[in-house]
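Here are a few worked exercises to try with the model open beside you. Have a go at each task before reading its solution.

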Amino acid sequence: MKLYSTNNTDLRVPFKEAVFNSLPADKGLYMPEHIPVLDQEFISNLDKYTLPEIAFHVARTILNGAIPDNDLKAIVNDAINFEAPLVEISERVHVLELFHGPSLAFKDFGARFMSRVMSYFLEAGEKQLDVLVATSGDTGGAVALGFLGVPNVRVTILYPKGKVSPIQELQLTTNGQNIRAIEIDGTFDDCQALVKRAFNNPELKEKFRLTSANSINISRLIPQTFYYFNAYAQLLRNGIKEVVFSVPSGNFGNIGAGLLAFKMGLPVKQFLAATNVNDTVPEFLRTGVYRARPSVQTWSNAMDVGDPSNWVRIMDMFGDDRQELLKVLTAYSYNDEETLNAIKQVHSESGYIMCPHTAIAWLALKEWMNDHPADEAAGVFLSTAHPCKFPDIFPEEIGSGIVIPEQVKELEGREHLAVSLGKDFESFKSFLMKG
Ligand SMILES: *Cc1c(COP(=O)(O)O)cnc(C)c1O
């Protein structure tokens, strides 16, 4: 497998290099030079395979020999060791629950696969790998838990102070070992900017072997395609062949993976990009003007992104042609009040409790279904996190019904280990240089 940069399609690097670089030097994004299409036989028989089997077949096809089969199978089986069930909550409306991994968020798929791929490629005696990651909440927990205890790798996580939930903060700050957490007095965009500057800083690059674990890393994107295929497998078992996926979107990695699955041959009728008021992409699809801007804080804070870093990849997959993209992608945005009303409505109608990100995807699906009353496709909205990660949002009568998983309770007694820094680059840099 070879990858090019979206800023220079003549560049070609092997998978291993793209994984460790994360970003090409020209600041584009890595994309596979060729997106293979899975054979029809496999797609129409998806219902006969388990999630790890599907994951292995998809990964093997796209990696095209970059990791030998036996090693790849071991990586997939170790990384994808939890379920992604599809649950029908009302007529034709299904939720794809992606929160059954250790950090209770869909980011476990990407982070666990990536950490194992990196560890696989690290050779004995090589310089320690320093992973720098900016998180608005869920990435950090998934990456920390994914890399915890992995030899020869150190992880430094930046998160915006006061803008992540208590459970997210626990997952970020109670690890110790090879994981360092830094709270930044600023926004997620500030954290992301600090990480980007670190990658471009000559002294830091000289001293450390830096790599990113953000959703821009190609080894995080690939495993996120797995659950789209697996969702389709579950639909097939129920005799359903037409599907619309509604995806809660922030940095657009999740939906980017869905579109990659589509390009690999998954028959999807439509993708819905559901955002909160950080609506850079819905606005772009409407007007043709891409206007990056500072993020606005919302209750769905993992989607508070004003300049989604995976957007370039999506445009690249569609030949930078907005009209082509509009054939398969519709975007919607909702505010906090609409989000809360959706949570209440679904809870009162079905007893199902969704996290605020998930609620936005449900809203988009409902709106699409209302706009297409004659359409018979099944609707699948992706649930990206367990509701217990956002306890402040729920009214008491709903919140009291949320069952906290065991792995969270266990973190509660542990010590918090975080360093506090301002949002200026110099403080961050001197902190890094010390270590
Ligand atoms: C990260 C995250 C999102 C947004 O996913 P992107 O891939 O950045 O679009 C949505 N919901 C939750 C809970 C998340 O953690």
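**Before you start**

F82 counts as buried, at 8% relative accessibility (buried is under 20% relative accessible area, exposed over 50%, partly exposed in between, with a 1.4 Å probe and protein chains only). This is a predicted model, in which local features need pLDDT of at least 70 and side-chain atom pairs count only at pLDDT 80 or more, while totals for chains, interfaces and linings use all residues. Residues are numbered from 1 along each chain as its sequence is written, and side-chain values use heavy atoms, with hydrogens and water left out.

**Exercise 1: an aromatic pair**

Task: Describe how the rings of F82 and F109 are arranged, and work out which parts they tie together.

Solution:
1. Recall the rule: rings of Phe, Tyr and Trp (its six-membered ring) pair if their centres lie within 6.5 Å; planes under 30 degrees apart count as stacked, over 60 as edge-to-face and the rest as tilted.
2. The structure holds 15 aromatic pairs. F82 and F109 make an edge-to-face pair, at 4.8 Å centre to centre with 65° between the planes.
3. Now place the residues: F82 lies in the loop between α4 (69–79) and β4 (86–90) and F109 in helix α5 (residues 107–121), so the pair ties together parts 27 residues apart in sequence. Helices (H or I, at least four residues) and strands (E, at least two) are DSSP runs, numbered from the N terminus.
4. Finally, check accessibility: F109 is buried, with a relative accessible area of 0%.

**Exercise 2: a second pair and its cluster**

Task: Find the arrangement of F262 and F271, then name the cluster that holds them.

Solution:
1. F262 and F271 are edge-to-face, with 6.2 Å between centres and 85° between planes.
2. F262 is partly exposed at 24% relative accessible area, whereas F271 is buried at 0%.
3. One aromatic cluster is formed by F82, F109, Y227, Y228, F245, F262 and F271.

**Exercise 3: reading the sheet**

Task: Which strands are the edges of the open sheet?

Solution:
1. Write the order of the five strands: β9-β6-β7-β8-β14, with parallel pairing. Two strands pair if DSSP finds at least two bridges between them.
2. The edges are β9 (209–212) and β14 (418–421), each pairing on one side only.
3. Look at one junction: four bridges join β8 (residues 179–184) to β14, and A181 stands opposite A418 in β14.
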